[in-house]
Amino acid sequence: MVANLRRNASSTAKRCRNAFFTCLADAAGARQKASFVTPETDPAAPESAGAAPAHGVAGWPFGTPEPTPALPDRLPDGRPWGPVEVLIVAGDDRAATLASVERQDHPNVRARCLHDASEIPEAVSASAADHLLVLSGGDMLAPGALAALALEAALTGAAAVAGLRILYGSEVLALDAPSLAAPFPGDGILFTRIALAPHAHRPPAEWWSALGTPGAARMRIGRPVLLHGMREAPAPLASIRVASLTGTGYRGGAGIAHRRLTEALTLSGHRVTHLRLADESPPAAAEWTERFPKAEATLRQGPFDWVLSGNLHETTRSLGVLGRIGRHTRTAAVLHDLFPLTGRCAHPKGCERVLAGCDAACPTPDEFPQLAPSRIAAAHAEKRAVLADPRGPLLLANSAWTERTARRLAPPAARIAPVTLTAPAHVFRPMDRMALRARLGLPASDVLVMFSAVIADAPDKGFSDLAAALRAVARPGVGFVAIGRLDDPGRLGLPNLHAPGLISDEATLAAWYGACDLHVTASRHETLGQTPIEAGLCGTPTLAYRLTGLTTSVIDGVSGILVEPEPGRLASALADLVRDHGRRERLGALARIALENRFSHGAAALSLHDVLVAQGLLNDAPPRFLPGLLARYPMAAAPAAPRRGLVAAPSRPLVARLRRAKQAVFGRRMPLWARRALFLTARLRAALRSRPS
C-alpha cells in the first residue's frame, strides 16, 4: 500500500501522457491562458498557506491533491477500463477544466473540446467510447471522479451514474445531486453512449430525466464528482425538525451507526435534537419499563416533524413508545438489529418460531435482550400491532438482506424502506502503511490479519470459526491484530497477536485498519456490518461469510471476498489471501473507491432525502446539502475533526475477571433472579440520588 500511494502521487504526468486527449477547439490557446492564471484570479489555484481554495478541494487541479492507491489496471471482472470521452463545451476558463480531466486516474479517457452546445449531438453520434460525460468550460471534475463513476457503472450496469456537485463562489456554498424525479443539469454525469444516443438531440439538462424509465437504471454515488462555480448563492435549504431517539446514546456499534445517520441529517440542513431514554430509566429496568413520560412529553410538545429511533431495546423491551409517538409525529425505526420484529431477541438465528409467533417456548429468553418467557407472546403481539398501525414506525433496513428479512417477518401492513449507513471517509482512508506500522509498533514485513468488534470474542461474531481459521494460517511472517474487548487473548492460541483492546477514537481505529493487510470476520448475524466498510475505506479488504447483511457491506470481488459458510472455507480463503499480495492490493484499491461511493456521508444523506420525500416531509427537488458535507471527504482542504468516545472505557481488571466467571457459569445467559437484583439495585441508586442532600 505504501508503495502504491507513493507511486500514485508521483505518476500524474505519466498517466496524462498515457491518456489520449484531443481538442477540436483551440487547445493551444487554452494552454496559453493557463500560463496567465494567477492565484488571485483562479479559484482552482493552489491555496496559499492557511487559505483554502474557493472550491474547497485541496491542491486541485494544479497543486498536489490527497494521495490515493494506484488504480488497478482492470475492472473487478477482469475487463479493461472502458474508454470514456469527456465533451468540454467552451466556457470562460477551459484551462482548469482540462487540467481536472488530465489529472484523473482513469487509464482510458479522451477529452474533446466543442465550440458550443450545438455540437454535442454530432459529438455523441461520432463517439466510439463506452461512456460519455459533458463538462462546461470552467467546471472541473473532482479528484478521482471518473474512476468512481466508471466503477459504479461497471458494477451496476447503470445507463447513467451521477455524484455530488460542489457549488462554490468565493467559497463553498453548498453541495447538491440529482433527484430521481426532477430534471438536473447534465454536466458531470457519466452516461453510456448506447443509452444516451436516442436523447443526444435534447439539451444535456434533460438527459438525466429522459433515462428515468424502466430498463434504464440511474445510479447516484455519494461522493463529489464535479466542482461548479456559481455567480449567485443557491436558495436556502429545505429543513425539518428531527428528534433522534435512542436507548443509551451513541456508543457501541449500533449507537455509532445511528449517530452517523444524525450527522448526515444535520449536514442536509435539518435541525436534530438528541434524546436518550436511559436519561429517564436505567438499562437495568428495561425489562419492566414501557413508558417514558418525560421523553414522550418532549416529543409531543416539540414540535418535531420526524422521529428517527434506533436501538431502544437497551431501555425497553416494547415498541409501545413508538406507537404512542406515532399518533402525533411521523416516526421511523432503524433496523440496527431485528429486535422490532421478534418477541425479544435481536437476531432469530434461524429460529422459525418468529414466523408463527414468539412465545414462552423461546430457546434463549435469558440472553440479551432478556425477557421472562411468560411475557414473550404478548410482547411480540404488541410489536406487530404497532408495526401494522398506519401511524406506526417506518422500518429502515440498512442492507438488502435486512430489507428482505423485514418483509418476511413484519406484518403485511408494515412499511419498510432502505436506508444507507455511513462511515467518515475523511478519517477512514488509505495512508502510508509502513508509517502506520512504525507508529503503532507493528512488524514492518509481516502479513497482518485483523479482526474487530466491540466484543471481539462474542459468540455471535463466530469466534470459534474465526479462531480456527486464524490458527490455520499462523506461522512466522504472519501476524494478527484483535480490536475490541478480548477478555482472554490466550483462548485464541495465536502467536504474534497484537491486542490493543477497545479503541475509542476514529483516527486511531483508522490507523490500525490501515496498518493491516486483511480484515476477516466469521460473523453470521449482521444486519449490515460496519467493520468491513471502515476497513475497506482504509484500503484493507475483508474476508467474510456470504451471509446476512455482509453481502452488502462486503462487495464480493471488489472490496473483499465472500465464501460459503461451510467447514474449512474461511480458512482456505484466508490462506489464499495471505499468500497473494497482489490480490490484496487490488481489492484494497477498489474497496476504497466502491465503499466511498456507497457508504459516505453523502450516500447516507441522499438515502435519507429519499426517505423524507417518500414520507411527504420534503418535495422531490434535487437534494442540497450544507458546505460542511465536503469536510467528510479526504479531498477537502479543511476536513472535519475525527470523533472520539466511540465505545465505553475498558473494564477494570476486577470487572473483566467477574465477567469471565459469570460466563463460565451462565454463558451468555442472565437468570431472572439476577436481572431482578440488578433492577432493584438500580431503583435503590435512583432513590438515593433523588434524596435532598
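**Exercise 1. Describe the lining of the second largest pocket by residue class, and then say which elements build it.**

Solution. In this predicted model, the residues that line the second largest pocket divide into 16 nonpolar, nine polar and seven charged. The next step is to place the pocket: its volume is about 790 Å³, and of its 32 lining residues, P418, V419, T420, R598 and S607 lie nearest the centre. Turning to the elements, at least two lining residues come from each of β8 (218-229), β13 (394-397), α14 (400-409), β14 (416-418), α19 (550-553), α21 (581-599) and α22 (601-614). Of the contributors to this lining, α22 gives the most, with six residues.

**Exercise 2. Work out how the buried residues of helix α24 are arranged around its axis.**

Solution. Begin with the helix itself, which runs over residues 672-690, has 19 residues and reaches 27 Å from its first C-alpha to its last, close to the 27 Å expected at 1.5 Å a residue. Next, list the residues of α24 that are buried, namely A674, R675, F679 and A682. Seen down the axis of α24, these buried residues fall within an arc of 140°, so they line one face of the helix. To complete the picture, look at the other side of α24, where W673, L680, R683 and L684 are exposed.

**Exercise 3. Find the salt-bridge partner of R675, and decide whether R675 is buried or exposed.**

Solution. Side chains of opposite charge can pair when their charged atoms come close. The side chain of R675 meets that of D366 in a salt bridge, at 3.0 Å from N to O. This pair links distant parts of the chain, since R675 belongs to helix α24 while D366 sits in the loop between α12 and α13 (373-388), 309 residues apart. As for exposure, R675 has a relative accessible area of 5%; buried means under 20%, so R675 counts as buried.

**Exercise 4. Set out the salt bridges formed by D176 and by R408, and place each partner in the chain.**

Solution. Take D176 to begin with: its side chain meets that of R165 in a salt bridge of 2.8 Å, N to O. D176 lies in strand β6 (residues 172-176) and R165 in strand β5 (residues 160-168), eleven residues apart, and both D176 and R165 are buried. R408, in turn, forms a salt bridge with E352, with 3.9 Å between the closest N and O atoms. Here R408 is in helix α14 and E352 is in the loop between β12 (330-334) and α12 (353-356), 56 residues apart. E352 is partly exposed, with a relative accessible area of 46%. Over the whole structure, a search finds 30 salt bridges, and R259, R260, E263, E506, E534 and R643 are linked in a network of them.

**Exercise 5. State how many cavities of 30 Å³ or more there are, and describe the linings of the largest and the second largest.**

Solution. The search finds three such cavities. The largest holds about 100 Å³ of space, and of its 13 lining residues, G310, N311, L312, F339 and P340 are the closest to the centre. Strands β11 and β12 each supply at least two residues of this lining, which by class has seven nonpolar, five polar and one charged. The second largest cavity holds about 40 Å³, and R260 and E534 are among the residues that line it. Helix α18 (residues 530-537) gives the most to that lining, with three residues, and the classes there are five nonpolar, two polar and two charged.

Technical notes. Residues are numbered from 1 along each chain as its sequence is written. This is a predicted model: local features need pLDDT of at least 70, side-chain atom pairs count only at pLDDT 80 or more; totals for chains, interfaces and linings use all residues. Side-chain values use heavy atoms; hydrogens and water are left out. Helices (H or I, at least four residues) and strands (E, at least two) are DSSP runs, numbered from the N terminus. The expected span of a helix is 1.5 Å times one less than its number of residues. Buried means under 20% relative accessible area, exposed over 50%, partly exposed in between (1.4 Å probe, protein chains only). The arc is that of the directions from the helix axis to the C-beta atoms. On a 1 Å grid over the protein atoms alone, a cavity is a set of points where a 1.4 Å probe fits but cannot get out, and a pocket is an open set with protein on both sides within 12 Å along at least five of seven lines; lining residues have an atom within 4 Å of a point. Grid points are joined across faces, edges and corners, and a volume is the space filled by probe spheres set on the points. Ala, Val, Leu, Ile, Met, Phe, Trp, Tyr, Cys and Pro count as nonpolar, Asp, Glu, Lys and Arg as charged, and the others, Gly among them, as polar. A salt bridge is a side-chain nitrogen of Lys or Arg within 4 Å of a carboxyl oxygen of Asp or Glu.
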